[in-house]
Amino acid sequence: MVGTEAGADAGTTSVIASNHVGAVILMRSSSQGVAGIASVTTALQAAANGDSIRLFVATDQEGGEVQRMTGPGFSTIPSAIEQGSLDPATLQRSAARWGAQLRAAGVNVDLAPVLDTVPSAAFAPANPPIGALDREFGFDPQIVAAHGSAFAQGLAAAGVSATVKHFPGLGRVTGNTDTTAGVTDTETTRNDPYLTPFTRAIRAGAPFVMMSTAVYSRIDPAGPAAFSSIIVTGLLRNTLGFRGVVISDDVGAAAQVAAVPVAERALRFIAAGGDIVLTVDATQIAEMAAAVIASAQRDPAFRARVDAAALRVLTAKQAHGLL
């Protein structure tokens, strides 16, 4: 998945065509409205026509401070903390409406809802990625589970795939992986109640899970969750039973992974059990793709990982009518 500044610029379309990129994220906020974004997504899909497999087009449409798509035809979405005060059934109906707007604009994947639980309102300001931006549905895993699942089910009703994030949770960290290296969660365990929102969403059929790049010292202290087979394959897939598409948080510009060579970021994520490598930096795609192909050609075990990942993505695309 390659990032673009909410436009079908020549650099992005060239990367899609030359490297067979299968997904795009519209990164920056846009006030073009539904019709304007629809023209962008149409152009992006045209760039992929040579593969006869259409793109997943994603954005971050959570609400509050994280609502990328605005303008005519898009509702103003309240923050997650405000959504958490709604009855889940009401939230589900609202999310269906917001999802229909995305669908009309050609966006078929929403990188939402956030299922990270922040421990308390008092701690929220010290939690820069989630609490400081009111991205949490509440301060109790049961509240987050109920409202996160309602949001995801509303999107599904509109034909948009929800992406629950950031597994296994960013609600208790004190650094932002986008801007800070060494972000570590020292509390979350394999049996943590803060995993409840993810467990409930998975049981309800969530199609996508986004991996955090924080380190979880009580589960696997060796490195970021997105690069951990203990967390991606062991915990998410085997213990929680997730069978859908696993996508990384950004491994392109994030400070958390900056010390890891670009190609290694893609290789480690796929080796851990991931499916879609997300980089906001289009210039990295060629290097990542070449490394994945080379490793698959020389290593049968890695090739099997690549094949399994591709099959999961294609199965999800088939469900969207993108094949």
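## Sheet E8-E10-E11

Two strands count as paired if DSSP finds at least two bridges between them. In this predicted model, E8 and strand E10 (residues 215-216) meet that criterion, with two bridges in the parallel sense. Aspartate 185 faces tyrosine 216 of E10.

The sheet holds three strands and is open. Its order is E8-E10-E11, and the pairing is mixed. Strand E8 (184-185) and strand E11 (220-224) are the edge strands. Each has a single partner strand, so one side of each lacks a neighbour in the sheet.

## Strand E7 and its partners

Strand E7 covers residues 161-167. Seven of its seven residues are buried, so the strand is largely enclosed by the rest of the structure.

E7 pairs with strand E6 (residues 109-110) through two bridges, and the two run parallel. Here aspartate 110 stands opposite alanine 162 of E7. E7 also pairs with strand E9 (residues 208-211), again in the parallel sense, over three bridges. Threonine 163 has phenylalanine 208 in E9 as its bridge partner. A helix links into this arrangement: E6, helix H5 (residues 141-157) and E7 form a β-α-β unit, and the unit is right-handed.

## Helix H1

Helix H1 spans residues 10-19, with Thr12, Val15 and Ile16 buried. Viewed down the axis of H1, the buried residues fall within an arc of 100 degrees, so they line one face of the helix. Their cover includes two strands, E1 (2-4) and E2 (23-26). It also includes helix H2 (33-47) and helix H9 (285-298).

Both ends of H1 have local detail. At the start, aspartate 9 places a side-chain oxygen within 3.1 Å of the backbone nitrogen of glycine 11. Just after the helix, histidine 20 adopts a positive phi of about 55 degrees.

## Threonine 279

Threonine 279 sits in the loop between helix H8 (262-272) and H9. Its relative accessibility is 0%. Buried means under 20%, so threonine 279 counts as buried.

The side chain of threonine 279 makes a polar contact of 2.7 Å with the side chain of glutamine 284. Leaving out residues up to four places away in sequence, threonine 279 touches Met1, Val2 and Gly3. It also touches Asp250 and Gly252, along with Gln284, Ile285 and Met288. Gln284 therefore appears both as a residue that threonine 279 touches and, through its side chain, as the polar partner, with threonine 279 itself counted as buried at 0% relative accessibility.

Notes:
Residues numbered from 1 in each chain as written. Predicted model: local features only at pLDDT ≥ 70, side-chain atom pairs only at ≥ 80, totals over all residues. Heavy atoms only, no water. Buried < 20%, exposed > 50% of the residue type's maximum accessible area, 1.4 Å probe, protein only. Helix = DSSP H or I, 4+ residues; strand = E, 2+ residues; numbered from the N terminus. Arc of directions from axis to C-beta. Contact = heavy atoms within 4.5 Å. Polar contact = N/O pair within 3.5 Å; in protein donor to acceptor, adjacent residues only side chain to side chain. Right-handed = clockwise from strand over helix to strand, strands pointing away.
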